[in-house]
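The following exercises concern a single protein chain. Each task is followed by a solution that proceeds step by step.

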Amino acid sequence: MSSSPTTGYVRDHASHPPLDYPGYRSTTLRHPTRPLVHLPHTFTELTGPLLGDRRLGERDHDLTCQHEGEPQGQRIIVHGQVRDSGGAPVPHTLVEIWQANAGGRYRHANDNWPSPLDPNFTGVGRTVTDAAGRYRFVTIRPGAYPWRNHHNAWRPAHIHFSLFGRAFTQRLVTQMYFPADPLFDQDPMWNSVPVDARERMLARFDAQATEPEWALAYEWDIVLRGREATPFESDT
């Protein structure tokens, strides 16, 4: 681990990817090049905006029923528990996801590779963990997609996760992957994570949570810190 002499911020390099990774080209432009500056939280950051279930829509957790028609692709359930370093559940925390559709395309103006958009799939969801720290989403298994990081570059299927604390200044971002993906070896984002920590980003197929004739299920727990911490792209 290393810390900033200005802020005392500590980044666990045994769990999290480096902010500047040569194989992932865009980190060259995005990583900090100067010492971090300490910005003390004001009363605004400490008191709001507060997050809670009153800010959620009835269908926010189910990405398959947010439109009039059903989306294309394999319906899946993604569920798990958010825990702290001691294994205790983290209740009432906001969990957001975003992902590509079954054809590997995002509903975004800058994503224009020739894979069709799905008019019935936006690819964005949110929920709040319950008293036991558990979350649950219903969605479509995302497809792989090309990107221009290197020759013939394709990203493995994945779902982006964002976790908030009690305010928007407390946020962690990570990605969940699916087991046995053939694209892992050539994916710089996967390879930037220390070898011993990569499996913490892998979801587990969960036959018991599968709903017959409806949806397959995957379980993925998120650990916020400690020796078993989930690798995070950002620590805010």
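Helices (H or I, at least four residues) and strands (E, at least two) are DSSP runs, numbered from the N terminus. The model examined here is predicted.

**Exercise 1.** Describe the secondary structure of the chain and of residues 78-106.

*Solution.* Step 1: the chain contains three helices and 14 strands. Step 2: the UniProt record, an unreviewed entry, lists residues 78-106 under "domain: Intradiol ring-cleavage dioxygenases". Step 3: within residues 78-106, helix accounts for 0% and strand for 38%. The C-alpha atoms at the two ends of this segment are 19 Å apart.

**Exercise 2.** Determine whether threonine 93 is buried or exposed, and identify the residues that it touches.

*Solution.* Step 1: threonine 93 lies in the loop between strand S3 (75-83) and strand S4 (94-98). Step 2: its relative accessible area is 7%. Step 3: the cut-off for a buried residue is under 20%, and therefore threonine 93 counts as buried. Step 4: leaving aside residues up to four places away in sequence, threonine 93 touches Val82, Thr127, Val128, Thr129, Phe164 and Gly165.

**Exercise 3.** Establish how S3 and S6 are arranged, and how far S6 is covered.

*Solution.* Step 1: S3 and S6 run antiparallel and are joined by seven bridges. Step 2: isoleucine 76 stands opposite threonine 139 in S6. Step 3: five of the seven residues of S6 are buried, and the strand is thus mostly covered.

**Exercise 4.** Locate the nonpolar cores and state which strands supply the largest one.

*Solution.* Step 1: the largest nonpolar core comprises 24 residues. Those with the most contacts inside it are Tyr135, Phe161, Leu163, Met176, Ile222 and Leu224. Step 2: at least two residues of this core come from each of S3, S4, strand S6 (134-140), strand S9 (158-164) and strand S10 (171-177). Step 3: another core, of 10 residues, lies apart from the largest one and includes Tyr177, Met189, Ala197 and Met201. Step 4: in soluble globular proteins, nonpolar side chains tend to be buried together.

**Exercise 5.** Characterise the chain as a whole, and identify where its coordinates call for caution.

*Solution.* Step 1: of the 236 residues, 44% are buried. Step 2: the chain exposes about 13,300 Å², of which carbon and sulfur atoms supply 54%. Step 3: the average pLDDT is 87, and 85% of the residues score at least 70. Step 4: residues 1-9 have a pLDDT below 50, although this stretch has 21 contacts in the model beyond near neighbours in sequence. Step 5: where pLDDT is low, the predicted coordinates should not be read in detail.

Definitions and conventions. Residues numbered from 1 in each chain as written. Predicted model: local features only at pLDDT ≥ 70, side-chain atom pairs only at ≥ 80, totals over all residues. Heavy atoms only, no water. Buried < 20%, exposed > 50% of the residue type's maximum accessible area, 1.4 Å probe, protein only. Contact = heavy atoms within 4.5 Å. Core = buried A, V, L, I, M, F, W, Y, C linked by side-chain atoms within 4.5 Å. Areas by Shrake-Rupley, 256 points an atom, 1.4 Å probe, with all protein chains shown as cover. Pairing = 2+ DSSP bridges. UniProt positions renumbered as here; feature names shortened; annotations may be inferred. pLDDT = per-residue confidence, 0-100.
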